[in-house]
Amino acid sequence: MRSMIMIAGLALGVSANAQEVDRAARVLELSATAGSACVISTPRAKAVTNANFQATGDGNATVGLTRLVDPNTALPRGASFELEIPATCNASHRVTAASGRGGLGRIGAAGTQAQGFADLLPYTLRLDWAGASQERSSNAGMLTLAVANGATGNLALLVNTPDGGTPLIAGDYDDTIVIQLQPTD
């Protein structure tokens, strides 16, 4: 009986060695590219003075000045609003803001205006983003911030209209501010 147990043990040992398989390694390499991307979301009002803010369904917003002029003097009344605009850009990029008219312009204004009156009210624009800030008048051209790296957070846009100055001609005034976030890579 002892010899049978040993034979069975040897038979098991032999069959285990016969089942060993030479293993080979294969390498699968993965590669991909993350393209440059910048995204701006719907603005939110942070602070508003002499104005009202309304986000529209398309990711844009409308700001209406409550009282553009003093009703007794036709002089501009100061107004300001600060917007927070959630944004992300995963590469070096530039942020631009530009006024479509160079200021609040009277709709339908054509040619010369009455002496001592104005039909354009320039305002101040300021952008704060990724630790950089720049400010300029709406009639001084495009405002540009260059950012060397990717950034995410709230882009701040501050707009201030002046108090006083030249009386404005009666009418409706408007402007469009276009803000763009573009990769520079």
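## Basis of the model

Two strands pair if DSSP finds at least two bridges between them. Helices (H or I, at least four residues) and strands (E, at least two) are DSSP runs, numbered from the N terminus. This is a predicted model, in which local features need pLDDT of at least 70 and side-chain atom pairs count only at pLDDT 80 or more, while totals for chains, interfaces and linings use all residues. Residues are numbered from 1 along each chain as its sequence is written, and side-chain values use heavy atoms, with hydrogens and water left out.

## Overall composition

The protein has one helix and 14 strands. Of its 185 residues, 27% count as buried, where buried means under 20% relative accessible area, exposed over 50%, and partly exposed in between (1.4 Å probe, protein chains only). The exposed area is about 11,800 Å², and carbon and sulfur atoms supply 52% of it; accessible areas come from the Shrake-Rupley method with a 1.4 Å probe, and for residues only the protein chains shown count as cover.

A contact means heavy atoms within 4.5 Å. Among the contacts with a separation of 6 or more, 72% are between residues 24 or more positions apart.

## Strand E9 and its partners

Strand E9 covers residues 124–129, and its side chains alternate: Leu125, Leu127 and Trp129 point to one face and are buried, whereas Thr124, Arg126 and Asp128 point to the other and are not. In a regular strand the side chains alternate between the two faces of the sheet.

E9 runs antiparallel to strand E10 (residues 132–137), and six bridges join them. Within this pairing Arg126 stands opposite Glu135. The two strands form a hairpin with two residues between them, and Ala130 in the turn has a positive phi of about 50°. E9 also pairs with E12 in the antiparallel sense, over five bridges; here the bridge partner of Asp128 is Ala156.

## Nonpolar cores

A nonpolar core is a set of buried Ala, Val, Leu, Ile, Met, Phe, Trp, Tyr and Cys residues joined through side-chain atoms within 4.5 Å. The largest one has 19 residues, and Val95, Leu127, Trp129 and Leu157 have the most contacts inside it. Two or more residues each are given to this core by E5, strand E6 (93–99), E9, strand E11 (143–147) and E12. The largest share, five residues, comes from E5. Apart from this core lies another, of seven residues, including Ala118, Leu121, Leu168 and Tyr173.

Beyond four places in sequence, Leu127 touches residues that include Val95, Ala97, Leu143, Leu145, Leu155 and Leu157.

## Disulfide

The structure holds one disulfide, defined as a pair of cysteine sulfur atoms within 2.5 Å. Cys38 is joined to Cys89, with an S to S distance of 1.8 Å. Cys38 lies in strand E1 (residues 38–40) and Cys89 in strand E5 (residues 79–89), so the pair ties together parts that are 51 residues apart in sequence. Cys89 counts as buried because its relative accessibility is 2%.

## Thr161 and Ala61

Thr161 is in strand E12 (residues 151–161) and counts as buried, at 9% relative accessibility. Leaving out residues up to four places away in sequence, Thr161 touches Leu65, Arg77, Gly78, Ala79, Leu104, Leu121 and Tyr123.

Ala61 lies in strand E4 (residues 61–65) and is partly exposed, with a relative accessible area of 32%. Outside four places in sequence, Ala61 is in contact with Pro43, Phe53, Gln54, Ala55 and Thr56. The C-alpha atoms of Ala61 and Ala45 are separated by 9.4 Å, and these residues are 16 residues apart along the chain.
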